[in-house]
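Reader: Please give a close account of one part of this structure, with the cut-offs behind each term.

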Amino acid sequence: MSQHPRIRQKKRAFPRVLGRERAFLADVLRAETTGGLLLLAAAAVALLWANSPWQDGYHHLRDAQLGPLTVEGWASDGALTLFFYLAGVELKRELMVGSLSRFSEAVVPVVAALAGMVLPAIIYLVANVSAGGNLHGWAVPTATDIAFALAVLAIVGSSLPSALRAFLLTLAVVDDFGAILIIAVFFSHGFHLLSLLAAFVLIALWYLLQRRRVRTPFLYVPIAIGAWWFMHESGIHATIAGVALGLVTRVVADPDEKEAPAERIEHRLRPWSAGVAVPLFALFAAGVTLSGNTVREMVTDPVAIGVAAGLLFGKAIGVFGGSWLTARFTRAELNSDLAWRDVAAVSVLAGIGFTVALLIAQLAFGSDLAQIERAKAAVLVASVLAALIASLLLARRNRAYAD
C-alpha cells in the first residue's frame, strides 16, 4: 500500500487572522482608526492655537492648577491611564489567546518591535554623544503611536490584507509594553514605598474580584481611582497603575459567559480612550510654538536631530530588519498574501511616534521647557514625514492589491 509523503508545515511570519480573533481585530481597528482621526484633529487644533494670537490663553489653560495637578498633568497622568489600561488588557489578551500565545507567530512581530525600539535609541545616543547633547532623551524615539498609524493605514490602505494590519497591531502592543517598562524603570521620581504598597494592595484586590467573578462597577471604579492615586504618590508614573489593572483583568471567558470581562470592559472604555482621553492629551501636549528661532534651533540641536533620525530611520530599519532577519534565520515564511514591500511600508509607518513619544519627552527633560519644546517639535515633524512617506508607499501597494 502506498504511503503519502509527510508534508512539512511551514511557519508563517505573518499568519492569516481568522474567526473570533479576526472579529476582535476588526473592532479594535475601527475604534483606533476613529481615535486616530480625532487625535490628528486635536493635534492640529493644539498647533494652531499655540501659534495663534491667542497662544497665551492656550498656555494659561494648559498650566492652570486643577486640584493636585495642572490641566496638562490631568491629561498626561490621568486621561492617558485609560489608554494604558487598554494597552495592558490587549497585551494580556495577546499573550493568553492571541497571536503572542503562539511562539511561531509571535516571534516576528516581537523581534521587529524590539529592534524598532533599540535602533532608534542607539541612533539618538550616537547623535548626542558625538555632539555633546542631552542623553536623557534616548527613549523619546522608541515609541510608535498605534492610533495615528492605524488612521493613516485606514485612509490609504483599504485594500491591504488583514494580516498586515494584524502585524501592525501586534507590533504596537509589544511596543506599548516596552514604552511602559521604560517609563516605569527610567522615569520614576521620589520613590515612596508605602504608597506603592497601597497601590499593589488595591491591584491585588482587583485581581481577587476578577477571580471571584464579581461584576459590579461600584467596586471596581473606587479601586481603580485609589490604585491610580497611590501609584502617582509613589513616584512611579501614574499610568503604570492602568497597565497593572489591565494585566490582572480576566481575558478568557468562562463556559457560561458570552464574553470575557476584558472584552466587555474594552467595548465600553475604548471609545472613551480613543475619542476623549488620547485626543485630550494631544490637545495639551502637541501645542508647540513653532517660531523661527525654534525651527533654527531644531536644525542644530542634537536632541531634535536624534529624535527625528531615530523615528524616521531607526524605526523603519529596525522594524523591517528585525522582521526580515527573524524570518530568514527561523525559516518562517512571509504570508502568501503579503510581499516584503508591504512590510517595508508599514515599517516606515512605525516611525509615527506621537502620543507616547510626546509623553516621554515631557518626562525625560523635566523642567527644561525649551528642550521639551524642541524635542516635541522633532517628534511632530518626524511623525508627519513618516506618515507622508508611508502613505505614498502604502497607496502604491493598495493600488496593486485593488487591481
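Author: The account below concerns a lysine and its surroundings, followed by other salt bridges.

This is a predicted model, in which local features need pLDDT of at least 70 and side-chain atom pairs count only at pLDDT 80 or more, while totals for chains, interfaces and linings use all residues. Residues are numbered from 1 along each chain as its sequence is written, and side-chain values use heavy atoms, with hydrogens and water left out.

Lys315 is placed in helix H12 (residues 302-329); helices are DSSP runs of H or I with at least four residues, numbered from the N terminus. With a relative accessible area of 1%, Lys315 is buried, a term that means under 20% relative accessible area (1.4 Å probe, protein chains only). Apart from neighbours within four places in sequence, Lys315 has contacts (heavy atoms within 4.5 Å) that include Gly116, Met117, Pro141, Asp175 and Ser347.

Asp175 and Lys315 form a salt bridge, their closest N and O atoms being 2.7 Å apart. Asp175 lies in helix H6 (residues 162-186) and Lys315 in helix H12, so this pair ties together parts 140 residues apart in sequence. Asp175 and Lys315 are both buried. A salt bridge here is a side-chain nitrogen of Lys or Arg within 4 Å of a carboxyl oxygen of Asp or Glu.

The whole structure holds 10 salt bridges. One of them joins Arg374 to Asp301, with the closest N and O atoms 3.1 Å apart. Because Arg374 lies in helix H15 and Asp301 in the loop between helix H11 (292-300) and H12, the pair ties together parts 73 residues apart in sequence. Arg374 is buried at 15% relative accessibility, and Asp301 is buried at 10%.

Key
Helices (H or I, at least four residues) and strands (E, at least two) are DSSP runs, numbered from the N terminus. Buried means under 20% relative accessible area, exposed over 50%, partly exposed in between (1.4 Å probe, protein chains only).
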